[in-house]
Structures are given as structure tokens and as C-alpha cells.
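Student: I am new to this structure and would like a close look at a single part. Please start with the ligand and its polar contacts, and then go on to the strands and helices in that part of the chain.

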Amino acid sequence: MSLSSSRKNPRVLFVTSEVFPLCKTGGLGDVSAALPAALRELRVDIRLLVPGYPSVLSGLKYKRKLAEFDLLPHFPPTTLFSSRLQINESVSVPVYVIHCPELYQRSGGGIYLDDNGQDWPDNARRFGLLSKMGALLASDASPLSWVPDIAHCNDWQSGLTPAYLHYHPGKKSASLMTLHNLAFQGCFSPGEVARLGLPPESFNVHGVEYYGDMSFLKAGIYYATRITTVSPTYAQEIQHEPLGFGLQGLLAERRNAITGIINGIDTTVWNPATDPHIVKKYSSRNLAAKKTNKLALQREMGLEENGEIPLFAGISRLSYQKGYDILLQVAPMLADLPAQLVLLGKGDQLLEKQLVTLAQTNPARIAVRIDYDEALSHRINASADCFLMPSRFEPCGLNQMYSQRYGTSPIVHATGGLIDTVADLAPDTLLDEPASGFHFRKMNADAFMNEIKRAVDTYYDVKLWRTLQRNGMRKDFSWRASALAYLSIYSLLMQR
Ligand code: ADP
């Protein structure tokens, strides 16, 4: 039995374990702020449900007590508060906060890990409660008068909400499960099934069971009414090995319920016409001004100052996923073209060392900064001619979108969100789907180097290069575009 009504504007409960700036460990925190804000601008009545970690309780000023749950089976005493979170100058989003000191008030550690970097031992209950509260508020058992049409769950931490809804005997909302990162699956021992108040029959291959354990994420994928992930190509890739991370069979079974929606970017923060971090502001009408930024960056990074030489760049978390081992192989050949390379990154210690050594071999042409530096990343995007993104896999990816906003053409491995956001330069793409960069299909140094050479040839064809740059700058990567796509999924769920 559904709770959906004939209302035009959906009511959505956005269940999440992170929201910027209150609590964030990665991209989920950013999405949980930006997407609801964009949806509210489209008149969606969306509200957040978050755990009351200390940073959430102290970060939200005016909280109103809504309900007390002294006898919530399987969980400690809990109070529900409401507040509002100001996301930007014009939008604030209502927030429901789950205050449960026994599960969320910790003096040290972080959201998921203790001070030693180990998972909190009671994470099943901590996020079981988040999931349970999501299901409760999305059903006719809710103590609130506001009941959503849709419970929108995010990653494993709220993956049990669709399972609890499935086993709720009364009226209930539809559920949407968004997969931001399939690598974290929320796996716990089978004993948690009973401890979390799920019926024994749910511990089944057609249920929460996953290779002998229970998995919150698998439960979400199995029971949710619909599923989204963060790009259309990634939505296909996860239905097969290796990118399905063990869930490919179930994802393939549910393929008709899965939609890929690209994340947005903050187009006010990433705008070369207003960017306070860059030396010379510019737009698609005065792209020649990029040269001033390029010369300044060459000076800053100790490279030979030359406005004509093609400048390649990379900014990344340094990990195997990002393919910087392949970049290390092509870098000496790139420098000999001739061309220059600027890299900013932090992470894997071996890669950090190898990159520093690489820069020492040719300091006039290759510069490396081992750091996490937001402002420098803006200057690099504004100064480079080409942005390199050789990721082995990339669910969505952000920097290829930033670089296109800055007229910096990306060279990407043809995977996931990189395929969906960068159109490869080919005779037809200049007309149909405006080309904005270059794809290499095989994940090896030869294929990557071929595209780098093709980019350099194109760079010296000034008219074609300008077309490529402007095509990238014209693309709509705003959150509004993503929010419209989510709205059409909500509409589908409302029609159920
Ligand atoms: P992932 O989330 O897998 O690391 P994304 O491309 O989706 O990759 O997002 C990473 C974001 O972090 C991008 O905006 C990227 O520019 C930024 N970033 C990564 N490393 C650095 C760094 N060393 N300095 C500044 N920004 C960085």
C-alpha cells in the first residue's frame, strides 16, 4: 500500500549519513547539501534526515523537539528534533535530526571510524537506527503530520530503509536508493538481522543476505522501488565484473529500475569570469586571457615561461583508481613533444615519491606539487590547455567538469562519468554532440599517449581548438540539470 498522493510537488525524505558543512567525509556530504537545495528551487518539498553527531547538534542553532521514542524496539532511547540548514544565500532545507546519545555522541573519532581508524563496533546499530527512522517517518506509523511520498536513501548507511519499509505492514512511501560508492557495502554478521529487528526470512539471497553476511547496501538495492547511480555509463558498468564489486548479478536483475544521473558542480564557485583565485578572469569570449594565467602558473611552479607551449595538468587523489601509474609512464614522452605538465595530488606514498622524482628529471617541463590545495587547483584549471584524467574507473568525476568550465579540454580514459561528460573529438561530434575533449579506450600508456599527441596536433589548429574549448564551456553541469533528472524519477515514483 502506497502513501503517494495526487500532490504535484513530491514530498521527499532525503536519508543521509553526511551533509556539508555539518558532517562530511567525502562526496556524499557535498551531494546531500547541493542536490536538496537545487530540488527545493524546483519546488520539491525535500527534507533531510541525519544522525545527531556532536557536530550536527552544535552546528544547527534552533532545534525543536518533535517526538520521543523511548520504546523503539531494538534501539536505545531516541529523540527526533527539527531544524533548518542554510545551504546558500537563498536556500535553506528542513532537517530532522536523530538524537540518540548512546549511538552518536562520541568524544573522539569520526562519523564512521574511531581514533584508531577502526569502524565503530556498533556501526550496524548506528546506521540501522538511521535506516529505521527513515522507514518510520515514511510510513503510516510516523508520529509526524508531514509524511513523504518518497524515502530517498543514499549509500549503505541508509540501505536498510527500503528493507524496513518492505516489512512494514501498513501504508508506506516509495523508496529510491542512490549509489554514490559501491565499494562500501555495510556488511555485518548474520546475528545483526535479529538485533536490528528484521524478520528471520529477510536473511535470504532474496533479501539482506550477501555471501553469508548481511549487507545494508545489498538490502537497499534489493528492496528499493528504484535505484540511481551517479552517471548513465557507470549504471551500465556496475552490472558487470569488475565494477559491480560482487553486486553485478543483482544489479543486472534490477536493470530496468536503475537510472544514471550525473552529479552537478557548483557553477558559482567554478566560474572563470568571477573566480577570485585566478590571476586573470576570462570568459568564452576572451579565451586569449588564459595565456596570462598560464604564464603566472609557469612562474609559480618553476616551469619555463612560455605562453605557446601546450600545458597539460592533473589534479587528483593519488590512488590506483586514478591511473597515475600510467601517467608516470607517458610523462617523459609528453615533455619531449614538447609540452609541459603540472600535477597536484596527495595520497598513495609510493606514487607521491615517484611523481617527485619525475619532476626532478625535467624541471623546465614537469612540475609536481604534493598537497591538497583548493586555490591552486583553481589556478591550474584556469591555466592549463588540457586536463588529464586517466582513471581506471570513475563513477562520475568532478574535475573533468571543472576543466571544461575553464576552457581546458580533458583527455580521459573512456569510463563511467568521464564518457558521459566529455565528448570525444571526432568528425561527427563537432556537429551532433559538440566535442569537448579526447577519449582513450584501452587503459595503457600507448593509447593514452596517442590521445595526448592528437590533442597537441589539435592545439596548434587554433580555430578548431577554440571550438573545442567553447563547446566544453557551453555545457550545463549545474545542479539544476541534475535536480531536474531526479525530479523525473520522483514523478515516476509518484505515479506508482
Ligand atoms: P574522487 O571523489 O574519486 O577523489 P572526483 O573527481 O569525483 O574524485 O572529486 C575529487 C575532487 O577533489 C575534485 O574536485 C578534485 O579537483 C579535488 N582534488 C583532488 N585532489 C586534490 C588536491 N590535491 N588539491 C586540490 N583539489 C583536489
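Tutor: A polar contact is a pair of N or O atoms within 3.5 Å. With that cut-off in mind, and remembering that this is a predicted model, we can begin at the ligand, where a polar backbone atom of Leu398 is 3.0 Å from an oxygen atom of the ligand. Side chains take part as well: a polar side-chain atom of Lys322 lies 2.8 Å from a ligand oxygen, and for Asn399 the distance from a polar side-chain atom to an oxygen atom of the ligand is 2.5 Å. The ligand is surrounded by 16 residues, the closest of which are Arg317, Lys322, Asp371, Asn399 and Tyr402.

One of these residues leads us on to a sheet, since Arg317 falls within residues 311-318, the stretch that forms strand β13. Strand β13 belongs to an open sheet of six strands, which follow one another in the order β15-β14-β13-β16-β17-β18 with parallel pairing. At the edges stand β15 (366-370) and β18 (438-440), and because each has a single partner strand, one side of each is left without a neighbour in the sheet. Going from strand to strand, neighbours in this sheet are turned against each other by 20° on average, with direction ignored.

If we now look at one pairing within this sheet, β13 meets β16 (residues 386-389) in the parallel sense, over two bridges, and in β16 the bridge partner of Phe312 is Cys386. Helix α16 (residues 445-459) packs on the sheet and touches β13, β16, β17 (409-413) and β18, while its direction makes about 160° with that of β18. A further helix, α12 (residues 349-361), lies across β13, β14 (340-347) and β15, and runs at about 145° to β15. Strand β13 is thus touched by α16 and also has α12 lying across it.

To draw the picture together, the closest residues to the ligand include Arg317, which falls within the residues of β13, and β13 in turn stands between β14 and β16 in the order of the sheet. For the polar contacts themselves, you can return to Leu398, with its backbone atom, and to Lys322 and Asn399, with their side-chain atoms.

Methods
Residues are numbered from 1 along each chain as its sequence is written. This is a predicted model: local features need pLDDT of at least 70, side-chain atom pairs count only at pLDDT 80 or more; totals for chains, interfaces and linings use all residues. Side-chain values use heavy atoms; hydrogens and water are left out. Two strands pair if DSSP finds at least two bridges between them. Helices (H or I, at least four residues) and strands (E, at least two) are DSSP runs, numbered from the N terminus. Axes are lines fitted to C-alpha atoms, for helices over the stretch in contact, and angles run from 0 to 180 degrees between N-to-C directions. Contact means heavy atoms within 4.5 Å. A residue is near a molecule or strand if one of its heavy atoms lies within 4 Å of it. A polar contact is a pair of N or O atoms within 3.5 Å; within protein, one must be able to donate a hydrogen and the other to accept it, and residues adjacent in sequence count only if both atoms are side-chain atoms.
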